Amino acid sequence: MAKIKNIEFNNFRNFQNFKSSFDDKLNILFGDNGCGKTNILEGISLIAKGRGIRNSNIANFIKKEEDNFLIKNNLEIQKNNYDIKIFADYKNDKFKKVIKINDDLSKDSLDFINQSISYLIFTPEMERLFQASPSYRRNFIDRLIFTSKNNYNNLINKYKKFLLERIKLLQANSFDNDWLNNIEREICKLGLEIYHLRYEQVNYINNDLNDLKIDHNFQFKVELEIKDDFFNNEINIEKYLFSLKDSRNYDKHYGGTKFGPHRSDIISIINEDFDASLLSTGQQKTVVLMILLAQCNYLVNDKKINPILLFDEIGSHLDRHNRQILLDMINRFEIQFFLTGTDKNLFSFVSTNAKFYNITSI
């Protein structure tokens, strides 16, 4: 179980110097738009693998007219404390994120931290999740998978790499047919694994939503589905390989790959009747919070993983249904929360003890 005890920024985003300790349970950051609330959540999220909740270029972390940034924090894992330092290293004309754990740069230390910390994230853009592009919804589900499988991004990146290599070969004047066959076989193996993990993830959420109905009066009945005719036809590796070979001319002409999990969509059926894209912004937020509640329940109870929740600008569109779900998360799970909003009064419904931070006054 990981908890962020404190954090310190030097030349990170809009902060020249910022330092704060945090509560083990509920932390609420409030203040005007642009004061840096999201930047604090981003700095916290950088402790784990990846480029944070915004997936930003590393160079963008550095405060304007400065050479580098430094994030220092104390992370508690199973009652042991670890000093973390995060900064940028400039090599081969680009910045790379560097993490030191107790001044150790070893892969074993980094792997230990990555395996010990997991984030569940809400951003304002998710309020329109079901009106966004299919790729946004795929990324949403992939992030949920990543919360319990921290090597999942390697799988996605390898799959994308082979897709790109295949197209380059197809569009070349000549190529080694055996090499193309090998690439397509790798695409099939990786693609089937991605399909399988996404299908599992959707089922976990649906099952946990159903279980949570026992003591939670949800506004909607929500059922997630993978929309992909190729996947729904119960594909196997032989059929996948045949389809890739059969579509080579088409893919060469259009510069893409016609079949695979990169073409899938994730949809949500409401009350067994209509798609969630027809809901209002506030209602879509309800569905997203239901999904995050179900995922949190799955992580804590099934995977024995206690995630840290980073919910940015969660204070808007908090009707009674959304407040109920958020309160259920806070009261149900012994995990650490970081919530942001423009006004302290937006969180007056929180009955448990909370630590408030006025970021505007910093």
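Which helix gives the most to the lining of the largest cavity? In this predicted model, local features need pLDDT of at least 70 and side-chain atom pairs count only at pLDDT 80 or more, while totals for chains, interfaces and linings use all residues. Residues are numbered from 1 along each chain as its sequence is written, and side-chain values use heavy atoms, with hydrogens and water left out.

The answer is helix α5 (residues 177–212), which contributes four residues; helices here are DSSP runs of H or I with at least four residues, numbered from the N terminus. The whole structure holds two cavities of 30 Å³ or more, a cavity being a set of points on a 1 Å grid over the protein atoms alone where a 1.4 Å probe fits but cannot get out, with lining residues having an atom within 4 Å of a point. Volume is the space filled by probe spheres set on the points, which are joined across faces, edges and corners.

The largest cavity encloses about 50 Å³, and its lining includes Ile145, Leu197 and Tyr298. The second largest has a volume of about 40 Å³, and Phe130, Arg137 and Ile291 are among its lining residues. Here α3 gives the most, with three residues.

Asp142 also belongs to helix α3 (residues 134–146). This residue is buried, at 10% relative accessibility, where buried means under 20% relative accessible area (1.4 Å probe, protein chains only). Leaving aside residues up to four places away in sequence, Asp142 touches Tyr152, Ile156 and Arg198, contact meaning heavy atoms within 4.5 Å.

Key
Helices (H or I, at least four residues) and strands (E, at least two) are DSSP runs, numbered from the N terminus. Buried means under 20% relative accessible area, exposed over 50%, partly exposed in between (1.4 Å probe, protein chains only). On a 1 Å grid over the protein atoms alone, a cavity is a set of points where a 1.4 Å probe fits but cannot get out, and a pocket is an open set with protein on both sides within 12 Å along at least five of seven lines; lining residues have an atom within 4 Å of a point.
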